[in-house]
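Reader: Could you take me through one part of this model at close range? I would enjoy a connected account of the side chains there.

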Amino acid sequence: MPRRSLEAIVKKRLKQYKTEKIVLLFLIALGAVLTLAGIGVYFYVGKLTLVQQAYAAPPKNFMMSQLRLLCDFARVLGVVFSLIGVVSIILALDRLTFSRESYRMALFINGLKEK
């Protein structure tokens, strides 16, 4: 690899690290919010008085069946939010680890260049 392109890659990596770290930490925070929101939605829907009355009523009424369907949809949506939050946290942590290692390698190469 030519010396000049290696230096350009190292400089670019050293410049990108802080921005990438901030973005990944923001994604981790967003994933935590999604996870907590999903858990909250899942457990809060069952505590609503309207939903509890809908499950106590006979299922022959169209509105009651639609309300039950909406309650089940909200619970599934809570699970989906939680899973998306967990996946985004895991992927952001994986990318953050990779980014940190590449930054260390760029620092090492930059240190060799200066000697």
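Author: Happily! Let me begin with a definition: a residue is called buried under 20% relative accessible area, exposed over 50%, and partly exposed in between. Leucine 34 has a relative accessibility of 26%, so this residue counts as partly exposed. Please keep in mind that this is a predicted model.

Leucine 34 is a good place to start. This residue belongs to helix H1, which covers residues 3-45. Once its neighbours within four places in sequence are left aside, leucine 34 is in contact with Phe81, Ser82, Ile84 and Gly85. Take phenylalanine 81 from that list: 47 residues separate leucine 34 and phenylalanine 81 in sequence, while their C-alpha atoms are 5.7 Å apart in space.

Now for the aromatic rings. The model has two aromatic pairs. One of them joins tyrosine 17 and tyrosine 103, with ring centres 4.0 Å apart and planes at 15 degrees; planes under 30 degrees apart count as stacked, so this pair is stacked. Tyrosine 17 sits in helix H1 and tyrosine 103 in helix H3, so to speak of distant parts of the chain is fair: the two are 86 residues apart. As for accessibility, tyrosine 17 is buried, at 9%, whereas tyrosine 103 is partly exposed, at 23%.

The other pair is made by tyrosine 42 and phenylalanine 43. Here the ring centres are 5.1 Å apart and the planes stand at 85 degrees, and angles over 60 count as edge-to-face, so that is the name for this pair. Tyrosine 42 is partly exposed, with 33% relative accessibility, and phenylalanine 43 is exposed, with a relative accessible area of 53%. Tyrosine 42 has a further partner: arginine 75 lies over the face of its ring, 5.6 Å from the ring centre.

Let me finish with serine 102, which is placed in helix H3, residues 62-114. Its side chain takes part in two kinds of approach worth following in the view. One is a polar contact with the side chain of arginine 13, at 2.9 Å. For the other, look to the backbone: the serine 102 side chain reaches the backbone oxygen of serine 99, also at 2.9 Å.

Terms used. Residues numbered from 1 in each chain as written. Predicted model: local features only at pLDDT ≥ 70, side-chain atom pairs only at ≥ 80, totals over all residues. Heavy atoms only, no water. Helix = DSSP H or I, 4+ residues; strand = E, 2+ residues; numbered from the N terminus. Polar contact = N/O pair within 3.5 Å; in protein donor to acceptor, adjacent residues only side chain to side chain. Phe/Tyr/Trp six-rings, centres within 6.5 Å; stacked < 30°, edge-to-face > 60°. Buried < 20%, exposed > 50% of the residue type's maximum accessible area, 1.4 Å probe, protein only. Lys NZ or Arg CZ within 6 Å of the ring centre and 35° of its normal. Contact = heavy atoms within 4.5 Å.
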